[in-house]
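User: I am new to this structure and would like to learn how to read it. Could you walk me through some of its features?

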Amino acid sequence: EQTRETIRARIAELETSPAGLAGLSDFDTLPLSAPTLNSLRAADYATMTEIQRAAIPVALKGRDILGAAKTGSGKTLAFLVPLLEKLWREKWSAMDGLGALVISPTRELAVQIFNVLCKAGREHDFSAGLLIGGKDLRHEQERLGTMNIVVATPGRLLQHIDQTPDFNVDNLQMLVLDEADRILDAGFAKTLAAILKALPKKRQTLLFSATQTKSVRDLARMGLTDPEYIAVHEKA
Ligand code: ADP
Ligand code: MG
């Protein structure tokens, strides 16, 4: 089993150029923690998809990502694996509070992401929760102070940032904006701007979108720092 130190050293040596990526096709070729590798194995995820192969090494290095890949390409694990690894490397625990936040355009997609998180994070000790509304605010508020990873829809998330005193976002390490084009299409541009304003600037941000529209680029300019552009296209 590999220690945090050896994994950090292997990440530092990790090749992220397209040429170097060719040889890395299985999750277990990457410098990932035992809890993540064991969880992925238990869920029968062995070989990475193209977007995972391109994005995960770059994200492990701590870079911000602006990623484009069509629906069904495996974007969820492309961001959840680096997210779990970041918190693991930081020895994130219950006392550290919110470490990572995933924003999704709809409740249904948020639930899907949460289910993949439960599988990929099974062997980790992080607490995770969904903030998607539907029930009263207080119901979600109860456990919010102790959650390490939150998957949320934008409106509900901003409501908690404004109204839940226990919800402290100051330690946030990683923000994921999934299906950013759909978040913006749904009219959440102002909500996102208010959320970004409330979050700490020093964080890693991964933005994924099926399409790269002007509003996605505007959002990227506002929320990302020196991002690596990663686009995976269908083969002809
Ligand atoms: P996207 O978000 O890009 O639309 P998803 O993350 O929802 O794609 O993944 C699409 C499907 O592919 C899901 O059913 C998921 O379980 C499966 N999948 C993702 N990554 C892998 C992988 N590495 N190996 C096998 N199946 C995978
Ligand atoms: Mg998706």
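User: Which exposed residues does the face of α3 turned away from its buried side carry?

Analyst: Happy to start there, and please keep in mind that this is a predicted model. The general idea comes from helix geometry: with 3.6 residues a turn in an α-helix, residues three or four places apart point the same way. Here, the face of α3 turned away from the buried side carries Ala34 and Ala42, both exposed.

User: And which are the buried residues of helix α3?

Analyst: In α3, which covers residues 34–42, the buried ones are Thr36, Ser39 and Leu40. They span an arc of only 100° around the axis, so they sit on the same side of α3.

User: What do the buried residues of α3 pack against?

Analyst: Their partners are α5 and α6, the latter being residues 107–120. Just after α3 comes Asp44, and its phi is positive, near 70°.

User: Where does UniProt place the Q motif?

Analyst: An unreviewed UniProt entry puts the short sequence motif "Q motif" at residues 25–53. Over that stretch the chain is 45% helix and 0% strand, with the end C-alpha atoms 7 Å apart.

User: Let us turn to the interior. How many residues does the largest nonpolar core have?

Analyst: That core has 66 residues, and Ala55, Leu101, Ala152 and Val176 have the most contacts inside it. Helix α5, residues 75–89, provides the largest share of this core, with nine residues. To look at one member of the core in detail, take Ala55: leaving out residues up to four places away in sequence, Ala55 touches Ile65, Gly67, Ala78 and Ile230.

User: How many residues surround ligand 1, and which are the closest?

Analyst: Ligand 1 is surrounded by 13 residues, the closest being Thr71, Ser73, Gly74, Lys75 and Thr76. You will meet α5 again here, as α5 gives the most to this shell, with three residues. By type, the shell around ligand 1 divides into four nonpolar residues, eight polar and one charged.

User: One last residue, please. Where is Arg8 found, and why is Arg8 classed as partly exposed?

Analyst: Arg8 belongs to helix α1, which covers residues 4–13. To class a residue, count the other C-beta atoms within 10 Å of its own: 20 or more makes it buried, 12 or fewer exposed, and anything in between partly exposed. Arg8 has 13 such neighbours, so Arg8 is partly exposed. Arg8 also lies 34 Å from Leu158, C-alpha to C-alpha, and the two are 150 residues apart in sequence.

Terms used
Residues numbered from 1 in each chain as written. Chains lettered and ligands numbered in written order. Predicted model: local features only at pLDDT ≥ 70, side-chain atom pairs only at ≥ 80, totals over all residues. UniProt positions renumbered as here; feature names shortened; annotations may be inferred. Helix = DSSP H or I, 4+ residues; strand = E, 2+ residues; numbered from the N terminus. Core = buried A, V, L, I, M, F, W, Y, C linked by C-beta atoms within 7 Å. Contact = placed C-beta atoms within 7 Å. Arc of directions from axis to C-beta. Near = placed C-beta within 6 Å. Nonpolar A, V, L, I, M, F, W, Y, C, P; charged D, E, K, R; others polar.
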